[in-house]
Amino acid sequence: MKAGAVEPRAKLPVRSVRSLNAANSAPFSTPYACSILAAAAVLLIRERDLDENVARGLSKDHSLQVKWTALLRDRTFLLLFVSVFLFHLVNAPIMPAVALYVKRLGGSDGLMTATS
């Protein structure tokens, strides 16, 4: 090799731009897709399943007001409550790691604060 000559670069496998963009956009497009599915699921709620008086805290006969402690006797509510609690319990330790990853990718301090 001559003095001052530049050494040729090693040939690295190159992904196509399309596959690279698809791989990087997947984490951002997934919430959009889930949001659209959730919004569509709202359309599956039948009108006869909704009772505005029960939603306001009245009983089925529309006379008695139900106390909030009655929720603790409802198995469906308890399952939802426990599920949400466990989700947040499991998700909380990973959030600092996500914030560090965003920072490592070149995110700003504002982005890091928003994710933690």
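Q: Let's start on the outside. Which residues form a nonpolar patch on the surface?
A: In this predicted model, the patch is built from Phe81, Val82, Phe85, Leu86, Leu89 and Val90. Together they offer about 610 Å² of accessible area. Take Leu86 as a sample member: it sits in helix α3, which spans residues 75–91, and it is partly exposed, with a relative accessible area of 44%.

Q: What about aromatic rings: how many aromatic pairs does a search of the whole structure find?
A: The general idea is that a pair of aromatic rings is described by the distance of the centres and the angle of the planes. Here the search turns up 1 aromatic pair. Its partners are Phe77 and Phe81, with ring centres 6.2 Å apart and planes at 20 degrees, so the pair is stacked.

Q: Where do Phe77 and Phe81 sit relative to each other in helix α3?
A: They are 4 residues apart in helix α3, so about one helical turn separates them.

Q: And is Phe81 buried or exposed?
A: Phe81 counts as exposed, at 51% relative accessibility; the cut-off for that word is over 50%. Its partner Phe77 is at 27% and counts as partly exposed. Remember that Phe81 also belongs to the nonpolar patch.

Q: On to charges. Which side chains meet in a salt bridge?
A: To read one, look for a side-chain nitrogen of Lys or Arg within 4 Å of a carboxyl oxygen of Asp or Glu. The structure has 1 such bridge, and the side chains involved are those of Asp49 and Arg46, at 3.0 Å from N to O. Both ends are partly exposed: Asp49 has a relative accessible area of 46%, and Arg46 has 44%.

Q: Zooming out, how many helices and strands does the protein have?
A: You'll find 5 helices and 0 strands, so reading from the N terminus gives α-α-α-α-α.

Q: How much of the protein is made up of buried residues?
A: Just look at the share: buried residues make up 3% of the 116 residues. The protein exposes about 11000 Å², and carbon and sulfur atoms supply 67% of that area.

Q: Last one: where is confidence lowest, and where is it highest?
A: As a rule, where pLDDT is low, the predicted coordinates should not be read in detail. In this protein, the lowest confidence is in helix α5 (residues 109–115), with a mean of 58, while α3 has the highest, at 92. Across the protein the mean pLDDT is 74, and 61% of the residues reach 70 or more.

How values were computed
Residues are numbered from 1 along each chain as its sequence is written. This is a predicted model: local features need pLDDT of at least 70, side-chain atom pairs count only at pLDDT 80 or more; totals for chains, interfaces and linings use all residues. Side-chain values use heavy atoms; hydrogens and water are left out. Buried means under 20% relative accessible area, exposed over 50%, partly exposed in between (1.4 Å probe, protein chains only). Patches are made of residues with over 30% relative accessible area and no salt bridge: like charges are joined within 9 Å, nonpolar side chains (Val, Leu, Ile, Met, Phe, Trp, Tyr) within 5 Å. Accessible areas come from the Shrake-Rupley method with a 1.4 Å probe; for residues, only the protein chains shown count as cover. Helices (H or I, at least four residues) and strands (E, at least two) are DSSP runs, numbered from the N terminus. pLDDT is the predictor's confidence in each residue, from 0 to 100. Rings of Phe, Tyr and Trp (its six-membered ring) pair if their centres lie within 6.5 Å; planes under 30 degrees apart count as stacked, over 60 as edge-to-face and the rest as tilted.
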